[in-house]
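Hi there,

Here is the structure I promised to pass on. Have a look at it first, and then read on for what turned up.

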Amino acid sequence: MDKILTVPKSVLYRLTIYIFLVGIIAFSGCGASKQVTRVDTDTTIDLSGRWNDTDSRMVADEIIGDCLNHSWINNHGISTGGKPSVIVGGIRNKSTEHIAVGTFISDIERAFINSGKVRTVASSSERSELREERADQAEFASLETVKQMGREHGADYMMTGEINTIEDREGGDQVVFYQTDLTLTNIETNEKVWIGQKKIKKFIGRSKFKM
């Protein structure tokens with residue numbers, strides 16, 4: 001006679017539970033839908049707790065506000081009688097995460113320009129592109145519209161800096177500390193005329209799932 005294979009009840013029970021759970025997960029996955037909501041660009045939304053657009057804008061506005069209320073700008077006006085010209089140089093991301101430094105630099109330039117207190121000069125990469133355009137105009141544009149070489153406005157000061165982070169973790173909780181340091185230097189004399197600093201601390205709490 002052929003032997004009949006018998007499966008222990010405990011195995012059948014576990015298999016039934018497993019199939020039941022897989023069915024629930026599959027059903028919930030089918031019912032899930034993505035919802036996209038447009039919000040105002042000034043709205044603060046922290047999903048991951050990482051550096052975001054709000055941090056970039058806030059740090060730029062506050063730190064440039066401090067820069068433009070410092071004595072260096074008055075001293076420049078007294079000695080020259082005009083507005084200082086500033087160029088935003090390299091700002092290094094020395095943090096432990098990806099930070100869109102280009103966006104942060106644009107936020108700084110925006111804060112400078114909107115203040116009306118300084119003249120903001122194009123960066124080195126932008127100047128190269130502009131010089132190529134002038135060279136192209138010299139060859140192909142009409143004499144009435146061609147822009148001349150050698151008339152660039154030289155910057156008086158350069159802003160440089162870096163962004164650092166310190167992280168602390170325990171279990172599912174995390175504290176992230178951001179420190180942005182910016183320095184404004186006189187290009188002709190190498191004198192540092194202003195040093196600014198902005199700090200941000202974030203607590204990221206993870207909910208603990210309990211069975």
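Trp51 and Phe104 are both buried. In this predicted model, their rings form an edge-to-face aromatic pair, with 5.8 Å from centre to centre and 85 degrees between the planes. Trp51 sits in the loop between helix H1 (9-31) and helix H2 (53-68), while Phe104 belongs to helix H4 (residues 101-115), so the pair ties together parts that are 53 residues apart in sequence. Tyr178 comes into the picture as well: ring pairs link Trp51, Phe104 and Tyr178 into a cluster.

The structure holds three aromatic pairs. One of them brings together Trp72 and Tyr157, and it counts as edge-to-face because the ring centres are 5.0 Å apart and the planes stand at 65 degrees, where the cut-off for edge-to-face is over 60. This pair, too, links distant parts of the chain: Trp72 is in helix H3 (residues 71-80) and Tyr157 is in strand S3 (residues 157-170), 85 residues apart. Are these two residues buried or exposed? Trp72 has a relative accessibility of 4%, so it counts as buried. Tyr157, at 6% relative accessibility, counts as buried too.

Now for the helices that you may want to look at together. The axes of H2 and H4 come within 9 Å and cross at roughly 40 degrees. The two helices are therefore oblique to each other, and their crossing is right-handed. Which residues meet there? On the H2 side they are Ser56, Arg57, Val59, Ala60, Asp61, Ile64, Cys67 and Leu68. On the H4 side they are Thr103, Phe104, Asp107, Ile108, Arg110, Ala111, Phe112 and Ser115. Phe104 thus appears here as well as in the ring pair with Trp51.

Two exposed residues also deserve a line each.

Asn190 lies in the loop between strand S4 (173-186) and strand S5 (192-204). Its phi is positive, about 65 degrees, although Asn190 is not a glycine. With a relative accessibility of 62%, Asn190 counts as exposed.

Arg169 is found in strand S3, the strand that also holds Tyr157. Unlike the buried Tyr157, Arg169 counts as exposed, at 52% relative accessibility. What does Arg169 touch, leaving aside its neighbours within four places in sequence? Its contacts are Arg50 and Gln174. From Arg169 to Phe203 the C-alpha to C-alpha distance is 10.0 Å, and the two are 34 residues apart in sequence.

Finally, the overall picture. The protein has five helices and five strands, and along the sequence they follow the pattern α-α-α-β-α-β-α-β-β-β. Of its 211 residues, 30% count as buried. Among contacts with a separation of 6 or more, 66% are between residues 24 or more positions apart. The accessible surface comes to about 15,300 Å², and carbon and sulfur atoms account for 55% of that surface.

If you open the file with one place in mind, try the cluster of Trp51, Phe104 and Tyr178, and then follow Phe104 to where H4 meets H2.

Happy exploring, and best wishes

Methods. Residues numbered from 1 in each chain as written. Predicted model: local features only at pLDDT ≥ 70, side-chain atom pairs only at ≥ 80, totals over all residues. Heavy atoms only, no water. Phe/Tyr/Trp six-rings, centres within 6.5 Å; stacked < 30°, edge-to-face > 60°. Helix = DSSP H or I, 4+ residues; strand = E, 2+ residues; numbered from the N terminus. Buried < 20%, exposed > 50% of the residue type's maximum accessible area, 1.4 Å probe, protein only. Contact = heavy atoms within 4.5 Å. Areas by Shrake-Rupley, 256 points an atom, 1.4 Å probe, with all protein chains shown as cover. Axes fitted to C-alpha atoms, helices over the stretch in contact; angles between N-to-C directions. Parallel < 35°, antiparallel > 145°, perpendicular 65-115°, else oblique. Left-handed = near helix turned anticlockwise from the far one by under 90°.
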